[in-house]
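Biologist: I'd like to learn how to read a protein model, one feature at a time. Could you walk me through this one?

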Amino acid sequence: MYLLYLDDAGSPSNPNDSYVVLGGIGVYEAQVDWFSRELDKLATPFEKNPEDIEFHASSIFSRREKPWKELSLDQARGVLKAVLKVVSESYDTARLFSCAIRKADFPGEDPVKLAFEDLCQRFDLFLSNESKSGQRDRGMLILDESTHETSLQSLSREFRKVGTRWGSLKNIADTPFFVNSQASRLIQIADHIAYSVFRRYNAGDAQYFDIVASRFHEVDGIVHGLSHKHAGRQKCLCPACLSRRIGRSS
């Protein structure tokens with residue numbers, strides 16, 4: 001079973017956020033324990049019971065909660081990067097997926113719904129291509145239970161039956177599961193992936209994104225795992241937009 005853990009960054013209702021991002025990491029079920037143990041190692045210096053430490057990217061970045069409020073700016077940024085380096089140095093089969101929606105370019109639409117549909121379709125196509133290559137795995141979506149809970153839980157009840165606006169979903173085994181981020185290290189990693197993409201597009205700060213940029217699902221030089229939805233994509237030089245333009249022209 002291939003598990004895709006997702007979390008969000010940015011708020012649909014906050015005018016200071018130009019983007020809403022949904023993103024995360026796909027891993028085989030047998031690999032979950034390794035990621036959990038690696039984050040436990042990172043947590044050990046901050047708490048004798050490492051499972052009591054939750055790695056929440058925006059809280060670490062802002063240093064507004066213990067134990068992060070006791071760190072210097074550089075130390076806090078180092079924690080964020082350390083979590084992302086666990087991903088960059090992990091299994092070759094681990095793949096990242098994310099969708100960034102520029103809210104102003106989709107007036108009247110729910111950006112969370114747009115991102116969710118986009119990622120469902122991308123994940124389903126990824127699983128379909130894996131099956132064609134002989135790796136016959138079904139997939140499952142796992143989301144933070146606080147991730148815009150109302151809209152995503154409503155969508156999840158219907159998405160297996162009606163699919164997305166681009167077609168039905170054939171390789172995802174069940175409706176998404178919602179779990180508590182405190183209890184799931186993989187959700188915490190998904191939170192960092194979403195936050196790194198959010199910082200890349202919303203603030204032009206790529207120092208976190210660059211650590212994991214090479215881990216987004218890619219085929220023949222085209223980055224399929226990252227989607228940047230905005231009006232200026234014909235001139236955008238980000239990996240998602242640029243790789244698609246080059247792929248179409250080659």
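Biologist: Let's start with charged side chains: which residue forms a salt bridge with Arg-199?

Modeller: Look for a Lys or Arg nitrogen within 4 Å of a carboxyl oxygen of Asp or Glu. Here Arg-199 pairs with Asp-205, and their closest N and O atoms are 3.1 Å apart. Both Arg-199 and Asp-205 are buried. Keep in mind that this is a predicted model.

Biologist: How many salt bridges does a search of the whole structure find?

Modeller: The search turns up seven. Some link up into a network: Asp-118, Arg-122 and Lys-229 are joined that way.

Biologist: How do I read a salt bridge inside one helix? Take Lys-41: which side chain does it meet?

Modeller: Check the spacing along the helix. The side chain of Lys-41 meets that of Glu-38, at 3.0 Å from N to O. The two are three residues apart in helix H1, so about one helical turn separates them.

Biologist: And are Lys-41 and Glu-38 buried or exposed?

Modeller: Use the cut-offs: under 20% relative accessible area is buried, over 50% is exposed, and in between is partly exposed. Lys-41 has 52%, so Lys-41 is exposed. Glu-38 has 18%, so Glu-38 is buried.

Biologist: Now a bridge between two helices. Which side chain meets Asp-40 in a salt bridge?

Modeller: That's Arg-185, at 2.9 Å from N to O. Asp-40 sits in helix H1 and Arg-185 in helix H6, so this pair ties together parts that are 145 residues apart in sequence. Arg-185 is buried, with a relative accessible area of 8%, while Asp-40 is partly exposed at 26%.

Biologist: What else does Asp-40 touch, leaving out residues up to four places away in sequence?

Modeller: Besides Arg-185, Asp-40 touches Pro-50 and Glu-51. You can also compare sequence and space: Asp-40 and Ile-53 are 13 residues apart in sequence, and their C-alpha atoms are 8.4 Å apart.

Biologist: How do I check the length of a helix? Say, how far apart are the end C-alpha atoms of H3?

Modeller: Count 1.5 Å a residue and compare. Helix H3 covers residues 73-88, and its 16 residues should span 22 Å; the end C-alpha atoms are 23 Å apart, which agrees. Try H6 too: its 18 residues should span 26 Å, and its ends are 25 Å apart, which also agrees.

Biologist: Which residues of H3 are buried, and what do they pack against?

Modeller: The buried ones are Ala-76, Arg-77, Val-79, Leu-80, Val-83, Leu-84, Val-86 and Val-87. Their packing partners include strand S2, strand S3, helix H1 and helix H6.

Biologist: What about H6: how many of its residues are buried?

Modeller: 16 of the 18 are buried, so H6 is largely enclosed by the rest of the structure. After H6 comes Gly-204, with a positive phi near 65°.

Biologist: On to strands. Which way do S1 and S2 run, and how many bridges join them?

Modeller: Follow the pairing from strand to strand. S1, residues 2-9, and S2 run antiparallel and are joined by eight bridges. For one pair of partners, take Asp-8 and Leu-22 in S2. S2 also pairs with S3 in the antiparallel sense, over eight bridges, and there the partner of Tyr-19 is Arg-102.

Biologist: Where do side chains point in a regular strand?

Modeller: They alternate between the two faces of the sheet. As for cover in this model, ten of the ten residues of S2 are buried.

Biologist: And on the outside, which residues make a nonpolar surface patch?

Modeller: Leu-237, Leu-242 and Ile-246 make one of about 280 Å². Leu-242 lies in helix H8, residues 239-249, and counts as partly exposed at 30% relative accessibility.

Biologist: Let's zoom out: how many helices and strands are there, and what share of the residues is buried?

Modeller: The protein has eight helices and eight strands. Of its 250 residues, 51% count as buried. The accessible surface is about 11,700 Å², and 47% of that belongs to carbon and sulfur atoms. Finally, take the contacts between residues at least 6 apart in sequence: 69% of these join residues at least 24 apart.

Definitions and conventions
Residues numbered from 1 in each chain as written. Predicted model: local features only at pLDDT ≥ 70, side-chain atom pairs only at ≥ 80, totals over all residues. Heavy atoms only, no water. Patch = residues over 30% accessible without salt bridge, like charges linked within 9 Å, V, L, I, M, F, W, Y side chains within 5 Å. Areas by Shrake-Rupley, 256 points an atom, 1.4 Å probe, with all protein chains shown as cover. Helix = DSSP H or I, 4+ residues; strand = E, 2+ residues; numbered from the N terminus. Buried < 20%, exposed > 50% of the residue type's maximum accessible area, 1.4 Å probe, protein only. Expected span 1.5 Å × (residues − 1). Contact = heavy atoms within 4.5 Å. Pairing = 2+ DSSP bridges.
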